[in-house]
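Subject: Structure handover

Hi,

Here is the structure I promised to pass on. Please load it first, then read my notes below.

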Amino acid sequence: MNHTEELIKEVIGLLIGMAIFVMGIRFSQKRQRLLKNGRRAKATVIELVQDDQPIKSSVYYPVLQFITAEKVIITKQYRVRV
């Protein structure tokens with residue numbers, strides 16, 4: 001392998017590392033903003049919806065329901081599988 005190829009690999013590795021670092025900073029900022037400005041609410045799992053993707057094992061998404069401070073009932077499917 002010549003010097004140019006090694007340099008290209010190092011630059012690509014550096015760029016990937018910088019991209020991961022920037023994504024980490026943005027995630028941290030989003031989390032801090034949520035902790036500062038967000039409101040807590042207790043939710044209830046009202047349903048488990050099975051993923052319709054054809055895979056070997058069953059995967060479910062919980063459907064959550066909570067009431068806001070303004071007394072509005074919110075029902076949302078959680079994006080993380082269980």
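Strand 2 and strand 3 run antiparallel, with five bridges joining them. Within that pairing, I67 has I73 in strand 3 as its bridge partner. One caution before going further: this is a predicted model.

The hairpin of strand 2 and strand 3 has five residues between the strands. K71 sits in that loop. Its phi is near 70°, a positive value in a residue other than glycine. Most residues other than glycine have a negative phi, so that angle is worth a look on your side. K71 is also exposed, because its relative accessible area is 67% and the cut-off for exposed is over 50%.

Strand 2 has another partner. Strand 1, residues 44-50, is joined to strand 2 by six bridges. These two strands run antiparallel as well. E47 pairs here with V63 of strand 2.

Now the overall layout. The protein chain holds one helix and three strands. Their order from the N terminus is α-β-β-β. The radius of gyration is 21 Å, whereas the globule rule gives 12 Å for 82 residues, so the protein chain is more spread out than a compact globule. Along the principal axes, the C-alpha atoms fill a box of roughly 65 × 40 × 15 Å. Just 6% of the 82 residues count as buried. Take the contacts between residues at least 6 apart in sequence: 13% of them join residues at least 24 apart.

Next, the pockets. How much space lies in the largest pocket? About 360 Å³. Its lining is made up of L34, R39, A41, A43, L64, F66, K76, Q77, Y78, R79 and V80. Strand 2 (60-67) and strand 3 (73-77) each supply at least two of these residues. By class, the lining divides into seven nonpolar, one polar and three charged residues.

The second largest pocket has about 160 Å³ of space. F27, K30, R31, L34 and R79 line this pocket. Here the split is two nonpolar, no polar and three charged. L34 and R79 appear in the lining of the largest pocket and also in that of the second largest.

Two lysines deserve a closer look.

K76 first. K76 is in strand 3 and belongs to the lining of the largest pocket. Is K76 buried or exposed? K76 counts as exposed, because its relative accessibility is 54% and exposed means over 50%. Setting aside neighbours within four places in sequence, K76 is in contact with P62, V63 and L64. Of these, V63 is the bridge partner of E47, and L64 is in the lining of the largest pocket. K76 and L64 are 12 residues apart along the chain, and their C-alpha atoms are separated by 5.4 Å.

Then K36. K36 has its place in helix 1, residues 3-37. How far apart are the C-alpha atoms of K36 and M23? They are separated by 20 Å, with the two residues 13 apart along the chain. K36 counts as exposed, at 71% relative accessibility.

To recap the points I would check on screen:

- The pairing of strand 2 with strand 1, six bridges, and with strand 3, five bridges.
- K71 and its positive phi near 70° in the hairpin.
- The largest pocket, about 360 Å³, and the second largest, about 160 Å³.
- The radius of gyration of 21 Å, well over the 12 Å of the globule rule.

Over to you.

Best wishes

Key:
Residues are numbered from 1 along each chain as its sequence is written. This is a predicted model: local features need pLDDT of at least 70, side-chain atom pairs count only at pLDDT 80 or more; totals for chains, interfaces and linings use all residues. Side-chain values use heavy atoms; hydrogens and water are left out. On a 1 Å grid over the protein atoms alone, a cavity is a set of points where a 1.4 Å probe fits but cannot get out, and a pocket is an open set with protein on both sides within 12 Å along at least five of seven lines; lining residues have an atom within 4 Å of a point. Grid points are joined across faces, edges and corners, and a volume is the space filled by probe spheres set on the points. Helices (H or I, at least four residues) and strands (E, at least two) are DSSP runs, numbered from the N terminus. Ala, Val, Leu, Ile, Met, Phe, Trp, Tyr, Cys and Pro count as nonpolar, Asp, Glu, Lys and Arg as charged, and the others, Gly among them, as polar. Two strands pair if DSSP finds at least two bridges between them. The radius of gyration is taken over C-alpha atoms; the globule rule is 2.2 Å times the number of residues to the power 0.38. Buried means under 20% relative accessible area, exposed over 50%, partly exposed in between (1.4 Å probe, protein chains only). Contact means heavy atoms within 4.5 Å.
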